[in-house]
Amino acid sequence: MNANQPLLPCLPAVLPGRWLLLISLALAGCRDKAERVKPVWSAISESVYAAGTVKSGRQYQAFASAGGIIQTVFVREGDSVRVGTPLLSIASDVQQLTQENAALAARYAAVAANQSQLQEARERIALQRRTMQNDQLQLTRQRQLWQQSIGTKLTLEQKELAYAASKTAYESAVLSYQTLKKQLDFAAAQSRKNLQIARTKASDFVLRSKINGIIYQLYREKGEAVTPQTPLALLGDARHFVLEMQVDESDIVKIRPGQLVLVTLDSYKGQVFQARVTTISPMMNTGTRTFQVDAAFVRQPPVLYPFVSFEANIVLQTKPKALLIPRRLLVDDSTVRKANGQLARVKTGLRDYQMVEILAGLTPDDEITAPAK
């Protein structure tokens, strides 16, 4: 070993003959220079650290219900939209022809377009009614003559047969009219349904907004081929934002809805925003061993965007007055070293990332030092 190399960080190089004396002096000097701290009364909060990203309210990716080629894009990124606003259309000649064909069939089958058939059937009923009434009158007269012994039995029977035939013809005409009307009504209703189905399918080729919000991103452009599995746009509500945090599985049992969340954002240096826990996912992400916890701002920043990262502390407990020491001065979870070198047992309470509460074992007048390294 080099005789000029210090044995301790605070021990200077010395001559070999004076080592013992100087080592003792150096150790005493190190003890004198060791950090001495007294417990202090202050507020402390126990919290759980979490990190995550900001998500706009009701944020979702929009998908089309049908595949094809993007024909027209009606909006741009940053545009405000309402529920039902068209975002883009997908070209489909077959679907257009199907809708036109259904519209033609609906017009052809409409009851109003078939009034001539119904009018003809009504006229047939009227004719058969007059014939029946005439035959009934002839039969009544013939019966009166027969009661007066005028005419023959054969003539009476012929009149009865004529009336029965005309009555049957009248009833048949009425039944035919009713059947025709039912058929026309059914055909008209069926064609209207087919047209409705065709229009619904055609609407699948026009992507519309499901919310009142903003177009944050358009993933595809005009002329690109898409499928029902292709995300086409990202939309969200720019007035409300959600904080999506990932909390370690070891801490998740401590989290409850309503707890205070202190949030810091890189875009707002030096500012702390308050939020409240709203929902806790019951399913763990097995890849990261974390749970998703959502929170809502108590008062959100004036300008905010989706996918902005943040750090947060979920406050579990708070004490406005507690006896505190720095956590680094703990020898272990229940021991500290006093200034005289003696170890003292302590009982700890709340703790944050820098300080720990002392419930018993120390007083505000005690001095403690950092544990020996």
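This passage walks through a predicted model of one protein chain, from its overall make-up to a few individual residues.

The protein chain has 373 residues, of which 32% count as buried. Its secondary structure consists of four helices and 19 strands. About 23,200 Å² of surface is accessible, and carbon and sulfur atoms account for 53% of that area. Contacts between distant parts of the sequence are well represented: among contacts with a separation of 6 or more, 71% join residues 24 or more positions apart.

Confidence in the prediction varies along the chain. The average pLDDT is 82, and 82% of the residues score at least 70. Among the elements, strand 12 (residues 290-297) has the highest mean pLDDT, at 95, while helix 1 (residues 19-33) has the lowest, at 43. Over residues 1-32 the pLDDT is below 50, and this stretch makes 16 contacts in the model beyond near neighbours in sequence.

Helix 3 offers a good place to begin a closer look. This helix covers residues 115-147, which makes 33 residues in total. From its first C-alpha to its last it reaches 48 Å, close to the 48 Å expected at 1.5 Å a residue. Its buried residues are Leu-118, Ala-121, Ile-125, Gln-128, Met-132, Asp-135, Leu-139 and Gln-142. A general rule helps in reading such a list: an α-helix has 3.6 residues a turn, so residues three or four places apart point the same way.

Just after helix 3 comes Ser-149, with a positive phi of about 65°. Most residues other than glycine have a negative phi. Ser-149 is not a glycine, yet its phi is positive. It lies in the loop between helix 3 and helix 4 (153-203). With a relative accessibility of 66%, Ser-149 counts as exposed, because that value is over 50%.

Arg-289 also has a positive phi, near 60°, and is likewise a residue other than glycine. Its place is in the loop between strand 11 (268-280) and strand 12. Arg-289 counts as partly exposed, at 38% relative accessibility.

Turning to the strands, one open sheet contains four of them in the order 6-5-3-8, with antiparallel pairing. Strand 6 (206-208) and strand 8 (225-226) stand at the edges, and each has a single partner strand, so one side of each is left without a neighbour in the sheet. Strand 8 runs antiparallel to strand 3 (residues 68-73), and two bridges join them. Within this pair, Gly-68 stands opposite Val-226 of strand 8. As a general point, strands of a sheet pair through backbone hydrogen bonds, either parallel or antiparallel.

Strand 7 (residues 213-218) can be followed through two pairings. It runs antiparallel to strand 4 (residues 80-81), with two bridges between them. Here Val-81 stands opposite Gly-213 in strand 7. Strand 7 is also joined to strand 9 (residues 231-248), again in an antiparallel arrangement, by four bridges. In that pairing, Leu-218 has Ala-233 of strand 9 as its bridge partner.

Strand 13 (residues 309-326) includes Asn-313, and Glu-311 has its place in strand 13 as well. Both can be described relative to Tyr-49. Asn-313 and Tyr-49 are 264 residues apart along the chain, but their C-alpha atoms are separated by 4.6 Å. Glu-311 and Tyr-49 are 262 residues apart in sequence, with 7.6 Å from C-alpha to C-alpha. The side chains of Glu-311 and Tyr-49 make a polar contact at 2.9 Å. Leaving aside neighbours within four places in sequence, Glu-311 is in contact with Tyr-49, Ala-50 and Ala-51, and also with Leu-262, Val-263 and Thr-264. Glu-311 is partly exposed, with a relative accessible area of 43%. Asn-313 is partly exposed too, at 24%.

Thr-335 gives an example of a buried residue. It is found in strand 15 (residues 335-338). Its relative accessibility is 6%, which means that Thr-335 counts as buried, the limit being under 20%. Not counting residues up to four places away in sequence, Thr-335 touches Leu-329, Leu-330, Leu-343, Ala-344, Arg-345 and Val-346.

Note on methods. Residues numbered from 1 in each chain as written. Predicted model: local features only at pLDDT ≥ 70, side-chain atom pairs only at ≥ 80, totals over all residues. Heavy atoms only, no water. Expected span 1.5 Å × (residues − 1). Buried < 20%, exposed > 50% of the residue type's maximum accessible area, 1.4 Å probe, protein only. Pairing = 2+ DSSP bridges. pLDDT = per-residue confidence, 0-100. Contact = heavy atoms within 4.5 Å. Areas by Shrake-Rupley, 256 points an atom, 1.4 Å probe, with all protein chains shown as cover. Polar contact = N/O pair within 3.5 Å; in protein donor to acceptor, adjacent residues only side chain to side chain.
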